[in-house]
Amino acid sequence: MEKIRDRMAALRAEYDNANELVDELKATVKKLEQENLSKEQEITSLNRRNQLLEEEVEKIEVALKGAKDTASQSLQHDTQNEALQRRLQLLEEEAKGNDKTLRETNEKLRQTDIKAGHYEQKVQALEDQHAKLEQRYDDTIKEHSTMKKELDDLASQMADI
């Protein structure tokens, strides 16, 4: 009887540990999903900013062409042309930096997706293990009930003797 109690206590502890692990993994998955959403929002923001910068670069390229035409007509416009070229270069560098940031963010998002998939597999495995433990627990309870009934029957028979 004491062995059964010990076994039941061990099964309960095992069940509690499995539940805690499942809760931890669910929290981790939720956190990763939130991080993933944050990264997607960041990518959207960077894409929009990159688009705006590309539009501005196009505008500046048009302005630069006009400045070159004007520069050929007058030496005074050479200074303005140089200023526009510097601005274009800065914007191109900024665009390159933004593009690099976007690529890094995409890579981080990909890694996050991989991790999320991995944790989802772990959660599924733990849920399967949890279901098996619950079944073992139920089987043990049934076995305990059967043994108790048999013990009670034996005690009643011994009392009759």
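**Notebook: two helices and their cores**

I began with Leu-91, which touches Leu-53, Glu-56, Val-57 and Ile-60 once residues up to four places away in sequence are set aside. I note at the outset that this is a predicted model, and I read every entry below with that in mind.

**Entry 1, the cores.** I next asked which residues make up the largest nonpolar core. I listed eight: Leu-53, Val-57, Ile-60, Leu-64, Ala-67, Leu-84, Leu-88 and Leu-91. Helix 1, running over 2-73, and helix 2 are the elements that each give two or more residues to this core, and helix 1 supplies the largest share, with five residues. I also found a second, separate core of five residues, among them Val-22, Leu-25, Val-123 and Leu-126. Going back to the starting residue, I see that three of its partners, Leu-53, Val-57 and Ile-60, are listed in the largest core together with Leu-91 itself.

**Entry 2, the chain as a whole.** I counted elements next and found two helices and zero strands in the protein chain. The radius of gyration is 35 Å, well over the 15 Å that the globule rule gives for 161 residues, so I recorded the chain as more spread out than a compact globule. Along the principal axes, the C-alpha atoms fill a box of roughly 130 × 15 × 15 Å. I then looked at contacts with a separation of 6 or more, and noted that residues 24 or more positions apart account for 85% of them.

**Entry 3, surface and charge.** How many of the 161 residues count as buried? The figure I wrote down is 21%. The accessible surface of the chain comes to about 12200 Å², and carbon and sulfur atoms hold 50% of that area. For the charges, I compared the mean position of the 27 positive ones with that of the 37 negative ones, and the two means lie 2 Å apart.

**Entry 4, Thr-105.** I looked up Thr-105, found it in helix 2, which covers residues 77-160, and asked whether this residue is buried or exposed. Its relative accessibility is 5%, and because buried means under 20%, Thr-105 counts as buried. Leaving aside neighbours within four places in sequence, I find Thr-105 in contact with Lys-39, Glu-42, Ile-43 and Leu-46. I checked Ile-43 further: the two residues are 62 apart along the chain, yet their C-alpha atoms are separated by 6.8 Å.

**Entry 5, Asn-98.** Asn-98 also has its place in helix 2, and at 10% relative accessibility I recorded Asn-98 as buried. Apart from residues up to four places away in sequence, Asn-98 touches Arg-49 and Leu-53, and I noted that Leu-53 is also one of the partners of Leu-91.

**Entry 6, two partly exposed acids.** For Glu-127, whose place is in helix 2, I noted a relative accessible area of 31%, and I entered the residue as partly exposed. I took the spacing from Glu-127 to Asp-99, 28 residues apart along the chain, and the C-alpha atoms are separated by 41 Å. For Asp-16, which lies in helix 1, the relative accessible area is 41%, and this residue too is partly exposed. From Asp-16 to Lys-26, 10 residues apart in sequence, I read 15 Å from C-alpha to C-alpha.

Note on methods. Residues numbered from 1 in each chain as written. Predicted model: local features only at pLDDT ≥ 70, side-chain atom pairs only at ≥ 80, totals over all residues. Heavy atoms only, no water. Rg over C-alpha atoms; globule rule 2.2 N^0.38 Å. Buried < 20%, exposed > 50% of the residue type's maximum accessible area, 1.4 Å probe, protein only. Contact = heavy atoms within 4.5 Å. Areas by Shrake-Rupley, 256 points an atom, 1.4 Å probe, with all protein chains shown as cover. Lys, Arg positive; Asp, Glu negative; His and termini not counted. Charge placed at Lys NZ, Arg CZ, Asp CG, Glu CD. Core = buried A, V, L, I, M, F, W, Y, C linked by side-chain atoms within 4.5 Å.
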